[in-house]
Amino acid sequence: MIEIKGLTKKYGSFYALKDLNLSIEEGTVFGFVGANGAGKSTTFSILATLLQPTSGEAWINGINISLHPHEVRKQIGYMPDFFGVYDQLKTEEYLDFYGASYGLDAAQRAVLIPKLLELVNLSSKRNDYVDLLSRGMKQRLCLARALIHDPKVLILDEPASGLDPRARVEMREILRELKAMGKTILISSHILPELAEMCDTLGVIDSGELIAHGSVQSIQEKLQSEKVISVKLTGDYIEAIRFFENDPLVSQITEIQDRGILQFLYKGTEHDQLDLLRKAMSAGLPILAFSEEETDLEDVFMEITKGAETL
Amino acid sequence: MKELLANPVLVKEIKLRFRNIKSFTGLFFYLLIMGIFVFGFINLTSSISGSGFFRPEESFMLFSMLSYIQLGLILFITPGLTAGTVSSEREKQTLNILLTTAQSSFQIIFGKLLSSIAFLLLLLVSGLPIYSMVFLYGGVAPSQIASIFLFYFLTLLVIGALGVMYSTLLRRTIVSMISTYGTMIFLTAVTGFFLILSVSLSSATMGTGASPLSYFWACINPGVVLLTLLEPGFSDEIAQMTGIPLPLWVSYSIFYTLIFVGAIWLSVTKLRVNMNKYR
């Protein structure tokens, strides 16, 4: 379990992270999403004991990261967003070095390394030099490295960034396996849909502040204050536009003439929506269809991070 | 001790260093040049003197020259081997991963230092048979070689520790390299200059050869200390001139051990962030 209370990181007057409060249950996958520079890597670096917080506290499996960083390191497997590998070191030797760094003896390492290479589909590359592996392979090897001491918590900072679609799918499959193994996984991405399907809970961070936290559905509902309504008409748009303009919950009416559709943003509840449809029918508008447009997570993400993008 | 030497960083770094053909080529050329120098010197001296044999005093001269060459080697190569140990990991983006492992900061620093100086130690040890050639001709006591090698080892450790310290404190390898070479130049050339200056000033003002300040500059200068190890009589002279009976090598050992401890302490404490500092 991970508990974060009031975690803040300040550089001069700039807040890289502001009063972050978060609780992540054991064995769950938590997705951290936000635009580049929103504060995801700062949070992960603090949890990985690489960065000192300005204030606030965090506990990993009940261990305070500020008081017992050495103990925390044994509990976590950390994969940074950018990392390098050693030249002239073979894949097996790479894992062997990190295994030894976590205090595993030679016999334990000899058993573990082939298993890990199999998990990340790199068994055939065991004698290849790590600096010659592809980016996707390096990412998977780094994940295997993070697992070498069988940590309870995995902190993965943008593990799929820079990967081609096939490598992304492979990475996702591995993460599913890890989730099935009962690991608590913290994973970040600047692409929300990438995380949505594999995460139990999500946190959305923007300009150092957590703006939403919960299940994928609850976040979508929370962040999406306005829905898009489409009305298909058989004719007389002007009358219809006039009618919808008079409703205070309607805004931004657009006309898609070639498809005979009016689209507008609607702030009301489902009950209000039903009421609006009833009134429109009573007013004699030639309505063929009245529906709520499906908004994908990408749109929601673009909507919530547009403030950051314009900075 | 076994645990210290089973250090993962040390094992990995040594593996990487000796997997590289450059290390062996370097070793080969070092021994070749040293061999040519020793045999050339012996041949040249015996043919110039016309006697056809190599006298003990010439053997001692060869030994002294070799000792200074090896000291120069230590002073100039050690910064290059150690000043990038931590900063290059930072530049290659491998440091963060290393710092999140369960290894203690001391283990990492110790492994880095020892693996960096291991190559130089190998150079020195592999050169011992050539170095020992002087025994064939007399003029040098085995205890002298032992004391000089201990002196080398301490100097190597200290310059190495300074390199690792700069590499930990400074973000960029090039800056760390310049700082380490700068410190090395201070300890050799600058202290040498101040020694000459203070000896000249003392003899001009007091009429005596040296002041306690001269002793200070002499005891931190590796070149002067090596001279006292080669010519123990010189150490007695300094004691008489400055009035400080402590042999230079003792002061040197104390001073350099303090630098070593300070540099290692700083490296260990500054390698990782202090997570608890804000309290």
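# Why is it called that? Chains A and B

Me: How do you know that A:E93 forms a salt bridge with B:R19?
Reply: The closest N and O atoms of A:E93 and B:R19 are 2.6 Å apart. A salt bridge is a side-chain nitrogen of Lys or Arg within 4 Å of a carboxyl oxygen of Asp or Glu, so this pair counts as one. The count between chain A and chain B is one salt bridge.

Me: What kind of model is this?
Reply: It's a predicted model, where local features need pLDDT of at least 70, side-chain atom pairs need 80 or more, and totals for chains, interfaces and linings use all residues. Side-chain values use heavy atoms, without hydrogens and water, residues are numbered from 1 along each chain, and chains are lettered from A in the order in which they are written.

Me: Which helix gives the most to the side of chain A that touches chain B?
Reply: That's α3 of chain A, with six residues. Helices here are DSSP runs of H or I with at least four residues, while strands are runs of E with at least two.

Me: What makes a residue count as "in contact", and how many residues do that here?
Reply: Contact means heavy atoms within 4.5 Å. By that rule, 40 residues of chain A are in contact with 28 residues of chain B.

Me: How much area do chain A and chain B bury between them?
Reply: About 3000 Å², with 61% of it on carbon and sulfur atoms. Buried area is the accessible area (1.4 Å probe) that two parts lose on being put together, summed over both.

Me: Why is A:R109 called buried?
Reply: Its relative accessible area is 13%. Buried means under 20%, exposed over 50%, and partly exposed in between (1.4 Å probe, protein chains only), so A:R109 is buried.

Me: And what makes A:D96 partly exposed?
Reply: A:D96 has 25%, which falls between those two cut-offs, so partly exposed it is. A:D96 also forms a salt bridge with A:R109, the closest N and O atoms being 2.8 Å apart. This pair links helix α3 to helix α4 (residues 106-119) of chain A.

Me: Why does the salt bridge of B:E89 and B:K112 tie together parts that are 23 residues apart in sequence?
Reply: Because B:E89 lies in helix α5 (residues 87-91) of chain B and B:K112 in helix α7 (residues 105-126) of chain B. Their N-to-O distance is 2.6 Å, and both residues are buried. Salt bridges that share partners join B:K12, B:E13, B:E89 and B:K112 into one network.
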